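Got your viewer open? Let's take a short walk, one selection at a time.

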There are 2 protein chains.
Amino acid sequence: PSRLPVYATHQLGVAGAVLDESTGKVLVVQDRNRDCSFHLGDTAVREVFEETGIKSEFKSILSVRQQHEHPGAFGKSDMYIICRLEPSSFDISFCQQECLRCEWMALDEVARTKQATPITSNVAKLLLYGYREGFDKIDITMREFPAVYPGLFYKLYHRELPESYRNIT
Amino acid sequence: PSRLPVYATHQLGVAGAVLDESTGKVLVVQDRNRDCSFHLGDTAVREVFEETGIKSEFKSILSVRQQHEHPGAFGKSDMYIICRLEPSSFDISFCQQECLRCEWMALDEVARTKQATPITSNVAKLLLYGYREGFDKIDITMREFPAVYPGLFYKLYHRELPESYRNIT
């Protein structure tokens, strides 16, 4: 079948924003090594568990972060997908080799704090907006499609597509 | 500074949707090897050029594609970021080792055709919506932040955040 050109890079990342809806608290980690701002791993859910001991479930894609070295740069190792995760366990048991601190913090506190990085602060504001007014306001819309191989599925996340365009024939 | 937990995988991909606004045509590629549905490469722009000879410029992130093998799966090599690219050259000179066919096709034709994969068809519908009603309807909103290292910048793509949340203190 015809398709748009598709390419793979191999240094993109996944980040997990774990929000406890029952308390409005979000899981915040402070790295031991500030220069190393992320850890290699298969999945956001698995890595959150390995690093913090918190079990969580993938809910949606919230954001894509792109590091921007010079105008038009779009190179390797410079993109993250930031996911919204829902915790199913709450007792932190964090990896002290990797983290200095790991704690549940009130979401509005993280959104307001000057110490947070701009990215963390902005994702916290996004989560606060969704927490107060509905996650449909912040989640990127998802549609599911069957893949070429039987039993496989694709999820496609994008802005809402009006009915008239979805059903175009 | 405090931050949300961040992790990197290394098998995510980037796809380029190249739309010629002056004609409403989109660049469509048919692979020689259907099983190999993508090519390794640094950037969507560079790979589009190498494979098709078309020069283009990155405009925005349109969509994230996630392959979904079983419920809750969120593993390696299963995500693509689909970018909107604007062409600055139009003469195709495609790589015959990789492609069977490469051509400019009318966007509404791609959106309607039964031969396109569901992903291509859906991205074409999204592009058609943006082409007719404004790309602000389909682009994922972008904000730019200074990075920890001087001179570096981050771009963060996400749903629109209301002023009241953006300026929360």
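**Stop one: a covered helix in chain B**

Select H3(B), which is mostly covered: 12 of its 16 residues are buried. Keep in mind as you go that this is a predicted model. The helix takes in residues 118-133 of chain B, and its first and last C-alpha atoms are 22 Å apart, close to the 22 Å expected at 1.5 Å a residue.

Want to colour the buried part? Pick Ile119(B), Thr120(B), Ser121(B), Asn122(B), Val123(B), Ala124(B), Lys125(B), Leu126(B), Leu127(B), Leu128(B), Tyr129(B) and Gly130(B). Then step just past the helix to Gly134(B), where phi is positive, near 110°.

**Stop two: H3 in chain A**

Now jump over to H3(A), residues 118-133 of chain A. Its 16 residues should span 22 Å at 1.5 Å a residue, and the end C-alpha atoms are indeed 22 Å apart, so the two values agree. Here 12 of the 16 residues are buried, so the helix is largely enclosed by the rest of the structure. The buried set includes Ile119(A), Val123(A), Leu127(A) and Tyr129(A). Right after the helix, have a look at Gly134(A), which has a positive phi of about 110°.

**Stop three: a lysine inside**

Stay in helix H3 of chain A and click on Lys125(A). Which side chain of opposite charge is nearest to Lys125(A)? That's Glu163(B), but at 11 Å away, and Lys125(A) has no salt bridge even though it is buried. Show what Lys125(A) touches, skipping residues up to four places away in sequence: you'll get Ala111(A), plus Leu161(B), Tyr165(B), Arg166(B) and Ile168(B) from chain B.

**Stop four: a phenylalanine in H1**

Next, find Phe49(A) in helix H1, residues 44-52 of chain A. Is Phe49(A) buried, exposed or partly exposed? Its relative accessible area is 39%, so Phe49(A) counts as partly exposed. Leaving out neighbours within four places in sequence, Phe49(A) is in contact with Ile54(A) and Lys55(A). Add Pro87(A) to your selection too: it lies 38 residues from Phe49(A) along the chain, and their C-alpha atoms are separated by 9.9 Å.

**Last stop: the cysteines**

How many disulfides does a search of the whole structure find? Zero, over all chains. Take Cys83(B): the nearest cysteine sulfur belongs to Cys83(A), 17 Å away, and Cys83(B) is in no disulfide. Cys83(B) has 0% relative accessibility, so it counts as buried. Finish on Cys102(A), which is also buried, with a relative accessible area of 8%.

Terms used:
Residues numbered from 1 in each chain as written. Chains lettered and ligands numbered in written order. Predicted model: local features only at pLDDT ≥ 70, side-chain atom pairs only at ≥ 80, totals over all residues. Heavy atoms only, no water. Helix = DSSP H or I, 4+ residues; strand = E, 2+ residues; numbered from the N terminus. Expected span 1.5 Å × (residues − 1). Buried < 20%, exposed > 50% of the residue type's maximum accessible area, 1.4 Å probe, protein only. Lys, Arg positive; Asp, Glu negative; His and termini not counted. Salt bridge = Lys/Arg side-chain N within 4 Å of Asp/Glu carboxyl O. Contact = heavy atoms within 4.5 Å. Disulfide = S-S within 2.5 Å.
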